[in-house]
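Q: I'm new to this one, so could you pick a single part and walk me through it slowly? A helix would be a nice place to begin.

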Amino acid sequence: MSEQRNGHVRIGVYICHCGANIADTVDVKAVAEYAATLPGVVISREYKYMCSDPGQELIQKDIEEHAINRVVVAACSPTLHENTFRGAAERAGLNPFFVQMVNIREHDSWVHSDREAATVKAKDLVRAAVMRVYFHKPLEKRRVPIHPEVLVVGGGIAGIHAALTVANSGKRVYLVEREPTIGGHMAQYDKTFPTLDCAACILTPKMSAVRAHPNITLWTYSEVVSVDGSVGDYKVVVKRKPRYVHEDLCVGCLQCIETCVYKDSKFDDEFNLGLSKRKPIYIPFAQATPKVVVIDPDACIQLKTGKCKKSCMEACVERGAIDFAQKETYEEIHVGSIIIATGFQTFDPRRMPQYGYGKYPNVYNTLEVERLVNASGPTSGQVITRDGRVPKSVGIVLCVGSRDENTNRWCSRVCCMTSLKLAHLIKEHTGAEVYIFYIDMRAAGKGYEEFYQRVLNEGVHFIRGRVAEITDWALDPSEAGKLVARVEDTNTGFVRRIPLDMVVLAVGLEPQPDAHEVQRMFGISCSLDGFFLEKHPKLAPAPTYTDGIFIAGLCHGPKDIPDTVMQAGYAAAEAIALADTGFFELEPNTAYVVEEECSGCKTCVPLCPYQAVTFNEEKQKAFINEVLCKGCGTCVAACPSGSIKQNLFEDEEIYSEIEGVLAYA
Amino acid sequence: MERQIRYQREADLEWAHRFTQHPGCERLLSCIQCGTCSGTCPLSIYMDITPRQVIAMVREGFRDDVLKSKTIWLCASCYACSVECPQKINITDVMYRLKREAIQNNVFPKRFPIPVLAQEFCEMVRRRGRNSEFWMVFRMALRSNPAILLSMMRTGWDLWRTGRLSMRMERIQRVNELQYIPAATKEVD
C-alpha cells in the first residue's frame, strides 16, 4: 500500500562512531550489519564521523549512485546535526524531510555502560527509524515575508538603545512609551556605578537622538492595546492617551505651569517619588523628551469640574497648544518584529514591616535616595532627612525583597553596586558614618571589585548580616531619638545594635505589575519569577519562543545598565537581521485540519498555546494558521475525531515507529 | 589553654546528613548564613554562640560543639526566627532536635537550669501525671544551683502566704495508663 504511495522505497542507514563516543559503548559494526537486513534497506554503512565533510559526501554519493531515497542517520541528537544531514540530502537532490535521525549517543552510549545491551538498544532504535522513514512524505518549508518596520515597547534605556540601533540601520521604528516622557528608571538615577558618571549626562543625549531621528516615530503617553498576526506581519493597535496638550504645538516654554491657578505645587511628583510636589499641569523633569507639558486629569480643576478660569490656556493663547477637549486616539501599525523593553518595578518595602518603611519617616528606599543625592532633585542634592537633619550615621540594608523565600527568591543583582555607589555619595555629601548591611557582596563586573575596594578604603563599615529589625526604641541613652538596626554581625559573631539617623533599604527589582497582561497580549512566556522568558538562557537570551518577538532589559530579569544596553543591541541586531533577510522560514512540522472530517466541536481552539487554531464560523470548521503553529501536537492529540494531523508525525509514521522499537530483533 | 582549631576528623558528616532528615530540619542546607535568626532572637543577648552559628556547626557536623552549647537551651520557642528566616528554615524545630540529642547523648551542661527543669518536669509528669510547682522549682534549684533557694525564700514566702504556692504533691488516678504515652514515644525515637 505504502509502496504505491511513496514509490519504490530505498533506505540508506548510516551509523556514526562519533570518534569513541558511540563506538566505545555500541558495537557499530554489528548495528550496521543488522540494519542491512531490515526491509527496504539498500545500503548500511558505519563511519567514524558522519557529520564531517567526507561523511556527508558518503550520503550524497549513495543518493546519486544508488538511488537512495530515504536516509537514516544514527548518531547524536537531532538538535545538533539534523540540519547538517538534511542539508546533505538536499544537496544531492533529495527532499530533506526524507532524513530521519536516531540519537544513539545521548540516548544510548553516553547513558549506558553495558556494551551488549547498548548495542541491542541501538538496533531497536535504528529499526524504529527505518520503519518510520518508510512512510515519510516530501515536505516544503514555507517562507513568510517580513515587514521591515519594528515596534519597540518601552522607552527606558533598553528601548531607547534598541530603537536607535534599528533606526540607524535605516528601518522605521515605532517607540511606544506609557509615561509622558522616555528615559525610564535611568533618568531618575544620580550617578552610575562604577565610574560615577552622571546618569542624565549619558542618557539625555540618547533621548534627544530618539526625538530627532527621522526613522523613529515616538509615541509617549501611549500603550499597546492589542497585537495580532505573527512573525513578519504583526498588526498592533496603540492607544494614545490624551495629554490635553498638542504635542506638535507645545514648545516647552512652561509658561502654562507658571500661570496655573494653583499657585503652590500640591500634588505628589511621581518622578521624585513624592519627595517634591508638582502642579496639575507639569513636565516630569527638565530634560523630559518630548519636552511637552502634560495635564493630570485627576488633579486639574477644569478636567474635574469644568469650572476653572483656564489661565494656562490664556498663557498659551498664541500657540493654542492646550486643548481640554482632546480625546484618546488609536493608531494601527504593521510591523515585522517587536522588541519588548517594558522594564521593572522596585519592591515595596511595606511588605516587610520589620524595616518600618512608611512608619518611620527616615527610612528610605534606594530610588528615593537617588533623587535626594541628585543635584536636580527635590533637595538640590542635599542629603537631608525628612525631619530636616543632616544625617550623622546612615545604614544601607541590602537584600530587601531579594533572596528571600517570603518575598522574592532571586538576587536582584544591582543592589550591591547601587548601595556601594550610594554609600560613596552619601559619605561625600554629608561625611556621615555609613554602614552597609549585606549577606554577600556581589561585585562581579568590569571595574566593580575595584569600586568595592575604593568604598572599603573610604571607611564605610561593612557589616555582614541581614538586619532583623529597625526600631525607634532606645535601650541605651546613645540611641535616643535615633533609629536602631538590630543585626548579627556575622564576622565578629555577635549581635549588634547600631543607632542610625537614616536608613536606606536597597529594594529588589520585580516584574512590572502588569507583566502577565503584557505577556498574554504578545503571546510570550514568563519564567516562574514573573519575568519574561527568553528562548535559551545562554544562546538566545533576547529572542522568545514566539518568532519575531524579542525582549531586552529588566523585563527579562534584573541586570545593570551595561548588560541592558548589550541585550537591547542584541535584540535590535536580531530584528534587523530578520528584516534584512526579508523572509522567515517555517518548519513544516505543523498541524493541519482535514476539513471533511472536522466536526466543528472547537475542542482544539482553546488548547493551542500559540493561538494558532481559530474557528471558521462560516464553514463551521477549525483552521490552523501554519505560521503560528509550533508543531507541539496538543490539538492533534485532543481532536476527538482524529481529523487534525501533523506533518512528520502522521499516525502511520508514529505507529510504525512504535512497532519498530517494540519488535524483537 | 584549649585547642580551638578543628580537625576534619572531628566533623561527623554522617550525623549532619542524618540530621537534615528529621522533621523540621529539612531546609537546613538552604541556609545562607545571613544572621537574621540571631538578629531577631530576643534571647541572643545571653547566647554563647548565635543561632546562625548553631546551623553552620550542624551542617558541618561539629556535633559535640553544638550539643554542648547553651544556645539550644536558651531558645524560648518564640518562633520569631522561623517567621523571619529568608530561607524558611524552622530554626525552632532544629533547636528542639538538638535538645533531644543533647539529652540522649548526655552532653548537655549539667548544672544549667533549663535542661534540669525540662527533665524534672518530664519526670514529675511521668510519675504523677501532674506538675506540682513548688516541688519542681525546689528540685530544679537543688540540682542546678542550691544557693538560689536563699534568694528565692522571700518570694516563696509571699506566694505561700497569699495562697499562690501549694506544697501539696498532686497526682492523678491510674497514672500507669498515662505512662504508656512517653513509653510509646521512646520506642519511636
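A: Happy to, and keep in mind that this is a predicted model. Let's go to chain B and look at helix H7, which runs over residues 91-104. H7(B) has 14 residues, and from its first C-alpha to its last it reaches 20 Å. That is close to the 20 Å you'd expect at 1.5 Å a residue.

Now, which residues of H7(B) are buried? They are Ile91(B), Thr92(B), Val94(B), Met95(B), Leu98(B) and Ala102(B). These residues sit on the same side of H7(B), because they cover an arc of only 155 degrees around the axis. There's a simple bit of background here: an α-helix has 3.6 residues a turn, so residues three or four places apart point the same way.

So much for the side; next comes the cover. What lies over the buried residues of H7(B) includes other helices of chain B. Going along the chain, these are H2 (36-40), H3 (51-60), H4 (63-68), H5 (71-74) and H6 (80-84). If you want to trace this on screen, pick out those helices in chain B and look at them together with the buried residues of H7(B).

Last, take a look at what follows the helix. After H7(B) you'll find Asn106(B), and its phi is positive, near 60 degrees.

To put the picture together: H7(B) is a helix of 14 residues, its buried residues are on the same side, their cover includes H2 to H6 of chain B, and Asn106(B) with its positive phi follows.

Terms used:
Residues are numbered from 1 along each chain as its sequence is written. Chains are lettered from A and ligands numbered from 1 in the order in which they are written. This is a predicted model: local features need pLDDT of at least 70, side-chain atom pairs count only at pLDDT 80 or more; totals for chains, interfaces and linings use all residues. Helices (H or I, at least four residues) and strands (E, at least two) are DSSP runs, numbered from the N terminus. The expected span of a helix is 1.5 Å times one less than its number of residues. A residue is buried if 20 or more other C-beta atoms lie within 10 Å of its own, exposed if 12 or fewer, and partly exposed in between; C-beta atoms are placed from the backbone. The arc is that of the directions from the helix axis to the C-beta atoms. Two residues are in contact if their C-beta atoms, placed from the backbone, lie within 7 Å.
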